[in-house]
Amino acid sequence: MKLKHLAHVVVAISLALCGCVEMHKAADRIAPAGSKKVEVTIKEFKDGKIIAVSEDPVVVTRDIGEIVWNLPEKSNYLFPRDGIVIDPGNFSPCAPTSGGKSFICVKRGHKLGYYKYIVNVNDGSRPLDPLPLPPLDPWVDNE
C-alpha cells in the first residue's frame, strides 16, 4: 500500500512540475508592459537595408508601463523624433532616448486589441545628411 501511495505522490509532483514549465513559457511570451523591451536590427541586402524587430506582434498586458525599442549600441543607426508612431490614446508620450539609440513609449491605455505602429530609423553614418530607411509597420497586441 505504501508503494502505491508513493507512486501517486510522484505522479502528482511530476504533473505539477510540467504545468510550471508551461506557465513559464506563457509568462515569457506575455510580459508586463513595464518590462517590455524590443530589439530593432537592420538587415542588409544587396538591394538595400530593411528594419526588423525581435517580436511581431509585441505582446503586452493591459497594465500601465512602457515599451522600449533598442537599436544596436555599436551602429550608426538612430531613431529620429518620430522613431515610433503609435496610437497616442494608449501609448504616449513617446520619445527617443540614449542619444537616439532607444525609443520609449509610455503605455497608459487599457484598451485591449491590436495596434499597428511604424518604426522609423535613420542611417546616421553621415551625420549632416542622415538617410531614412524604409519604415517597418509591425503590431502591438495589448492583451
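## One disulfide in a mostly-strand chain

Going by a cut-off of 2.5 Å between cysteine sulfur atoms, this chain has one disulfide. Keep in mind that we're looking at a predicted model.

The partners are cysteine 94 and cysteine 105, and their sulfur atoms sit 2.1 Å apart, inside the 2.5 Å limit. As a reminder, a disulfide is a covalent bond between the sulfur atoms of two cysteines. The link between cysteine 94 and cysteine 105 is right-handed, with 125° about the S-S bond. Cysteine 94 belongs to strand 7 and cysteine 105 to strand 8, so the bond ties together parts that are 11 residues apart in sequence.

Here are the two cysteines side by side:

| Cysteine | Strand | Relative accessibility | Class |
|---|---|---|---|
| cysteine 94 | strand 7 (residues 91-97) | 26% | partly exposed |
| cysteine 105 | strand 8 (residues 102-107) | 0% | buried |

Why does cysteine 105 count as buried? Its relative accessibility is 0%, and buried means under 20%. Cysteine 94 comes out at 26%, so it counts as partly exposed.

Now for the rest of the chain. There are one helix and 13 strands, and reading from the N terminus, the helix comes up before the strands. How much of the chain is buried? Of its 143 residues, 33% are. The exposed area is about 9000 Å², with carbon and sulfur atoms supplying 64% of it. As for contacts, take those between residues at least 6 apart in sequence: 63% of them join residues at least 24 apart.

Conventions: Residues are numbered from 1 along each chain as its sequence is written. This is a predicted model: local features need pLDDT of at least 70, side-chain atom pairs count only at pLDDT 80 or more; totals for chains, interfaces and linings use all residues. Side-chain values use heavy atoms; hydrogens and water are left out. Helices (H or I, at least four residues) and strands (E, at least two) are DSSP runs, numbered from the N terminus. Buried means under 20% relative accessible area, exposed over 50%, partly exposed in between (1.4 Å probe, protein chains only). Contact means heavy atoms within 4.5 Å. Accessible areas come from the Shrake-Rupley method with a 1.4 Å probe; for residues, only the protein chains shown count as cover.
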